[in-house]
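Me: I should like to go through the reasoning behind several structural labels. Please set each value against its criterion before concluding.

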Amino acid sequence: MGITLFDKIWSAHVVRDLPDGTSLLYIDRHLVHEVTSPQAFEGLRLAGRRIRRPELTFATMDHNVPTTPDRLDIADPVSRAQMEALKANCDEFGIPLYGLGDERQGIVHVIGPELGLTLPGLTIVCGDSHTSTHGAFGALAFGIGTSEVEHVLVTQTLVQRKPGSFRVEFTGRPGPHIFSKDMVLRMIGLIGTAGGTGYVLEYGGEAVRALSMEARMSICNMSIEAGARAGMIAPDETTFDYVAREKRPFAPGEEDFERALSHWRSLPSDDDALYDRTLTIDTAALAPQVTWGTNPGMVIDVDQVIPEPDDLPGYSREDVTKALDYMGLSPGTRLTDVDVDVVFIGSCTNSRIEDLRQAAAVLDGRRKAEHVELLVVPGSEQVRRQAEAEGLDRIFKDAGAQWRFAGCSMCLGMNPDQLRPQQRCASTSNRNFEGRQGKGGRTHLVSPEMAAAAAVAGRFVDIRTWLES
Amino acid sequence: MTPFTKHRGIVATLSRANVDTDAIIPKQFLKSIKRTGYGPNAFFDWRYTADGQPDPKFELNQDRFAGRSILATRNNFGCGSSREHAVWALAQDGYRVIIAPWVERDGKRLPGFADIFRSNTTKNGILAIELPETDVDTIFASVAEHHGLEATVDLTSQQLILHSPEPAVFHFDIETSAKDQLLKGLDGIDLTLAHADAIDRFERDHETWL
């Protein structure tokens, strides 16, 4: 019987199988940010322990950082203290830090691939649930808690029970203006926010093979929104081209590249590999997806109406009623009749250069609606410079957008970028939870094109017909 | 870590599915660099009104739940962000046990707890108990009927006893490693350091491309 991509990586990283059925798993890359690490470093110090492999550990600042031009002067003293703590910890323990002001700084899941830290076949962890992003390269990457951050710092391993395998096959080719964001939102709508819990998802099929690395990252990024700690895509020529394309300081150099490549080519799942679960989604019929509720599984096609509280499989009437009440929406409404106040283009899901190009293509020669606040936040400083070199910043500014510096920004509003109560936001981020973007804020998850179009129209539109009209 | 062997306490109920960790501890409290001080901010946005008073509309603010230490809730509790602050907040707000149901959807069993959250509970001395939906419904009904209802959780025998006039006993499953770690209050890092020789050997031939 064949072996899956996941199985191949798992077995290559088992240090020891433990008697209770768990395994001690070796970790190749440990990414660190300012929010979930200070208590782990403090734990180390209190126990008098040291970091086993600081050279496999890399840090950045992303969650807290202001994204305005005056960002280096952090007004919030608590945020500033957290960033200073990371700097001090990295200095003390010898960990490379891409801090605020560094030209490589950015969202941890954007800079990992840029720097060549993210490679096929690796195990990658970070104290952040969207670590699943890195699975787009055919790596096993997952989010961990702060106790586990400390565990990895000290031992370079984690104790894990092997998850099940779940193959999601995206067949056909999506029509124009349908993106990987729509594919993954559709999947979460089908299996629910706990449908992937206990599994590692492997995405495949014609529609996935045709995707760029940026688009693949958007899908793997949202695996956690289906409950799966990790999502992965078999590495192929698209992957190898991405790794080799630019000067990525931590990717294997010329002397190692051929050897690495031959290893990477052995990773894809065998044709006769079996999975614990499978799901097939036809992308040819896929419509733009928009969430209407308070979790990413509450999602519809843009031309559907919001469901009745009794009509939603997997949710109680009470849950749906609460969600609708919070969102200020009623059943039977079309989202194309709903106005937006804020549009956020950014986050570890959709802030890469390709996402910005898509948004810019919609905004080029157009202007945002008067009442809309439009925020465009690149995922990394490298993305920002690239976008500016291509003139995208000019398009955004001419459209009335605020063009910012890199960070997580309004995806979770740990920095000053937040929704006010009852503000409605079309967002390219990953979570529409209550209060996620600011207390009382109402989030609708969409693709970058859909977000840009909503900014111009001042309400949600069906990008497929709106662009022609 | 405080060992968990047996615990008796008042049961509170929160009838919401998919409670995410953003709801358990909102973003603004994640800026702290400490491990303590999160308790009063658990469920902050639901718990307090705009002027900082306890919101009477929030279930867990009911007087009848004063002093509670066991939380019964609905499925997929703790989904979303990996923030361990959510577990610190619950522990520091006095919870020792959280009960959630697994549910069936399209013939598939969906867990009561999200993965990362569940893993974080064990590391902080909180016991996450998963029960069939009908059992959790029974607990909800019993708590609604009997004010101040208590339960005893015995980890050794893996039993939950509801002290209603007609006591009800529920058996629960738990992974051996999680049970062991909770019972003995073991530090996971110490346990792994016992395998330091195996890690040394593994590293000798392992390629990381760095």
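Me: How many salt bridges does the structure hold over all chains?
Reply: This is a predicted model, and the structure holds 50 salt bridges over all chains.

Me: Why is the pair Lys8(A) and Asp270(A) called a salt bridge?
Reply: The closest N and O atoms of Lys8(A) and Asp270(A) are 3.0 Å apart. The criterion requires a side-chain nitrogen of Lys or Arg within 4 Å of a carboxyl oxygen of Asp or Glu, so the label applies. Lys8(A) belongs to helix H1 (residues 5-13) of chain A, whereas Asp270(A) sits in the loop between helix H10 (254-265) and strand S12 (277-282) of chain A; the pair links distant parts of the chain, 262 residues apart.

Me: What makes Lys8(A) count as buried?
Reply: Its relative accessibility is 18%, and buried means under 20%, so Lys8(A) meets the criterion. Asp270(A) has a relative accessible area of 31%; this value lies between 20% and 50%, and Asp270(A) is therefore partly exposed.

Me: How do you know that Arg259(A) and Asp256(A) form a salt bridge?
Reply: Their side chains meet at 3.2 Å, N to O, which is within 4 Å, so the pair qualifies. Both residues lie in helix H10 of chain A, three residues apart, about one turn of the helix. Arg259(A), at 44% relative accessibility, counts as partly exposed, and so does Asp256(A), at 25%.

Me: What makes Asp93(B) and Arg68(B) a link between separate parts of chain B?
Reply: The side chains of Asp93(B) and Arg68(B) meet in a salt bridge of 2.9 Å, N to O. Asp93(B) lies in the loop between helix H3 (85-92) and strand S3 (97-105), and Arg68(B) in the loop between helix H2 (44-47) and strand S2 (70-73), so the pair ties together parts that are 25 residues apart in sequence. With relative accessible areas of 14% for Asp93(B) and 12% for Arg68(B), each is under 20% and therefore buried.

Me: Which residues are linked in a network of salt bridges?
Reply: The network links Arg52(A), Arg53(A) and Glu55(A) with Asp200(B) and Glu203(B).

Me: Why are strands S17 and S19 of chain A said to stand at the edges of their sheet?
Reply: The sheet is open, with five strands paired in parallel in the order S17-S16-S15-S18-S19 (chain A). S17 (402-403) and S19 (442-445) each have a single partner strand, so one side of each is left without a neighbour in the sheet.

Notes
Residues numbered from 1 in each chain as written. Chains lettered and ligands numbered in written order. Predicted model: local features only at pLDDT ≥ 70, side-chain atom pairs only at ≥ 80, totals over all residues. Heavy atoms only, no water. Pairing = 2+ DSSP bridges. Helix = DSSP H or I, 4+ residues; strand = E, 2+ residues; numbered from the N terminus. Buried < 20%, exposed > 50% of the residue type's maximum accessible area, 1.4 Å probe, protein only.
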